[in-house]
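Here is a structure to look at together, from its overall layout down to single side-chain pairs. Take a moment with the sequence and the coordinates first.

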Amino acid sequence: MLVQYSTIKKLFAFGLLFAMASPSTQAQSPQASKLLEDAVALQDRLLNALIADHDVDQARDFYDDQFVLTTSSGKAKSKTDLL
């Protein structure tokens, strides 16, 4: 990958903290909303690239240990099943 995973993770964390810094009683600024949207989209692209590259070790960090995916047929898959 061209961009280090740790760099993207730090950028995502910064974007998330920045977006959450606005008081919940006020509307979020367009800049904060855009920053958060871009950070989430970047994380999504990174996860998809890791999956396409079969990089299980780095993809593992994206999922909580209690993560459960429910398929369209109703079958539940754990983080371990997914990876």
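The report below goes from the fold to the core, then to the salt bridges and the aromatic pair.

**Ground rules**

This is a predicted model, in which local features need pLDDT of at least 70 and side-chain atom pairs count only at pLDDT 80 or more, while totals for chains, interfaces and linings use all residues. Residues are numbered from 1 along each chain as its sequence is written, and side-chain values use heavy atoms, with hydrogens and water left out.

**Overall layout**

Following the sequence, you will meet the pattern α-α-α-β-β-α. That gives four helices and two strands, where helices (H or I, at least four residues) and strands (E, at least two) are DSSP runs numbered from the N terminus.

The protein has 83 residues, and 16% of them count as buried. Here buried means under 20% relative accessible area, exposed means over 50%, and partly exposed lies in between (1.4 Å probe, protein chains only). The exposed surface comes to about 6300 Å², with carbon and sulfur atoms supplying 57% of it; these areas come from the Shrake-Rupley method with a 1.4 Å probe, and for residues only the protein chains shown count as cover.

Contacts (heavy atoms within 4.5 Å) give another view of the fold. Taking those between residues at least 6 apart in sequence, 33% join residues at least 24 apart.

**The core**

What makes up the largest nonpolar core? Five residues do: Leu-46, Leu-47, Leu-50, Ala-59 and Tyr-63. Helix H2 (residues 30–52) gives the most to this core, namely three residues. A nonpolar core is a set of buried Ala, Val, Leu, Ile, Met, Phe, Trp, Tyr and Cys residues joined through side-chain atoms within 4.5 Å. In soluble globular proteins, nonpolar side chains tend to be buried together.

Ala-59 is a good residue to click on: leaving aside residues up to four places away in sequence, Ala-59 touches Leu-47, Leu-50 and Leu-83.

**Salt bridges**

A search of the whole structure turns up three salt bridges, each being a side-chain nitrogen of Lys or Arg within 4 Å of a carboxyl oxygen of Asp or Glu.

| Basic residue | Acidic residue | N to O distance |
|---|---|---|
| Lys-34 | Asp-38 | 2.8 Å |
| Arg-60 | Asp-57 | 3.2 Å |
| Lys-79 | Asp-65 | 2.9 Å |

Lys-34 and Asp-38 both lie in helix H2, four residues apart, about one turn of the helix. Lys-34 is partly exposed at 44% relative accessible area, and Asp-38 is partly exposed at 35%.

In the Arg-60 and Asp-57 bridge, Arg-60 is partly exposed at 34%, whereas Asp-57 is exposed at 58%.

Which parts does the bridge between Lys-79 and Asp-65 tie together? Lys-79 lies in helix H4 (residues 79–82) and Asp-65 in the loop between helix H3 (56–59) and strand E1 (68–70), so the pair links parts that are 14 residues apart in sequence. Lys-79 is buried, at 11% relative accessibility, while Asp-65 is exposed at 66%.

**The aromatic pair**

The structure holds one aromatic pair. Tyr-63 and Phe-67 form this tilted pair, with 4.8 Å centre to centre and 55 degrees between the planes. Rings of Phe, Tyr and Trp (its six-membered ring) pair if their centres lie within 6.5 Å; planes under 30 degrees apart count as stacked, over 60 as edge-to-face and the rest as tilted. Tyr-63, also a member of the core, is buried at 14%, and Phe-67 is partly exposed at 27%.
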